[in-house]
Every structure is written in C-alpha cells, then in structure tokens.
Amino acid sequence: MVLFEDLGKQTWGYYSHTNRIPVIHINNRLNQEHATYTCGHELGHAVLHSGINTPFLRSNTFYSVDKLERQAHRLAVHLLIGLNEPDQGETKRQFLIRCGIPEMFHVFY
Ligand SMILES: [Zn+2]
C-alpha cells in the first residue's frame, strides 16, 4: 500500500509494517521526481527489510546513512535505471538525471 500524506518539510517518506500490512508513506509535498525516488527507496525497505519499520528518509540525513539506508538507496537507483544505459558521450551525472535520480543520490550508483 502506498499512502501520500503531508509529512512536513523535512521528511520525504518512510516504510511501516503494521499488522502484517506493508505501507509506503510518501510526502505529498514532494515533486514527481523526488516522490518517485522515495517510492523506490521505501520499496527497497519493503523488499530487503520487510518486517522492520525503517526510519524516516529525511532531507537532512542523506549522508549519514546506515547500512539499511544504503541498501534501500542502491535498490532505488537500480530500479529507476532499469534497462537504461548511458548514451555515447553522456556523463554519469547526465545519465542518472535522465533516469530520474535526484543528484544528491548519485553517490549510490
Ligand atoms: Zn530509508
């Protein structure tokens, strides 16, 4: 289940698992790109860390991420890349932006 909610100014989303119901929460203040990335990230938690309620993905903790967070970021990046490949002459940055990955998360590629 994916819920779009007002999570304030700093929280992008989180994953919860209550009564065996996995729920992805996405801040409805995010733009499309950030909401899509957040969904991929929280889906990573749902797949890789099911049964665990993960901490909030906050805009100010991108670089202080623990192992679970890094795994969810990597899965989100790979989900968004999908079968895309860099075009000839395209930089890594251009490629990742084309795939809809916010620049602050390129470190997880
Ligand atoms: Zn997370």
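This report describes aromatic pairs, salt bridges and a nonpolar surface patch in a predicted model.

**Aromatic pairs**

The model contains three aromatic pairs. One of them joins Y37 and F105, whose rings are stacked, with 4.1 Å from centre to centre and 5° between the planes. This pair connects distant parts of the chain, since Y37 belongs to helix α1 and F105 to the segment after α3 (92–98), 68 residues apart. Both Y37 and F105 are buried. A further aromatic pair consists of F95 and Y109, which meet edge-to-face at 6.3 Å centre to centre, with 65° between the planes. F95 is in helix α3 and Y109 is in the segment after α3, so this contact ties together parts that are 14 residues apart in sequence. The two partners can be set side by side: F95 counts as buried because its relative accessibility is 2%, and Y109 counts as partly exposed because its relative accessibility is 45%. Y37 and F105 also belong, with W12, to one aromatic cluster.

**Salt bridges**

There are four salt bridges in the structure. The table presents three of them, with the distance between N and O atoms.

| Residues | N to O distance |
|---|---|
| R29 and D6 | 2.7 Å |
| D87 and R98 | 3.7 Å |
| R98 and E90 | 2.8 Å |

R29 is in the loop between β3 (21–27) and α1, and D6 is in the loop between β1 (2–5) and β2 (11–18), so their salt bridge ties together parts that are 23 residues apart in sequence. R29 is partly exposed, at 47% relative accessibility, and D6 is partly exposed as well, at 48%.

D87, E90 and R98 are linked in a network of salt bridges. Within this network, D87 lies in the loop between α2 and α3, whereas R98 lies in helix α3, so the pair joins parts that are 11 residues apart in sequence. How exposed or buried are these residues? D87 has a relative accessible area of 45% and is therefore partly exposed. R98, at 40% relative accessibility, is also partly exposed. E90 counts as buried because its relative accessibility is 18%, which falls under the 20% limit for that class.

**Nonpolar surface patch**

L43, V47, L48 and L79 make a nonpolar surface patch of about 340 Å². Helix α1 (residues 32–48) supplies the largest share of this patch, three residues. L79 is located in helix α2 (residues 67–81). With a relative accessible area of 44%, L79 is partly exposed; residues of a patch must have over 30%, so L79 meets that requirement.

Key. Residues are numbered from 1 along each chain as its sequence is written. This is a predicted model: local features need pLDDT of at least 70, side-chain atom pairs count only at pLDDT 80 or more; totals for chains, interfaces and linings use all residues. Side-chain values use heavy atoms; hydrogens and water are left out. Patches are made of residues with over 30% relative accessible area and no salt bridge: like charges are joined within 9 Å, nonpolar side chains (Val, Leu, Ile, Met, Phe, Trp, Tyr) within 5 Å. Accessible areas come from the Shrake-Rupley method with a 1.4 Å probe; for residues, only the protein chains shown count as cover. A salt bridge is a side-chain nitrogen of Lys or Arg within 4 Å of a carboxyl oxygen of Asp or Glu. Helices (H or I, at least four residues) and strands (E, at least two) are DSSP runs, numbered from the N terminus. Buried means under 20% relative accessible area, exposed over 50%, partly exposed in between (1.4 Å probe, protein chains only). Rings of Phe, Tyr and Trp (its six-membered ring) pair if their centres lie within 6.5 Å; planes under 30 degrees apart count as stacked, over 60 as edge-to-face and the rest as tilted.
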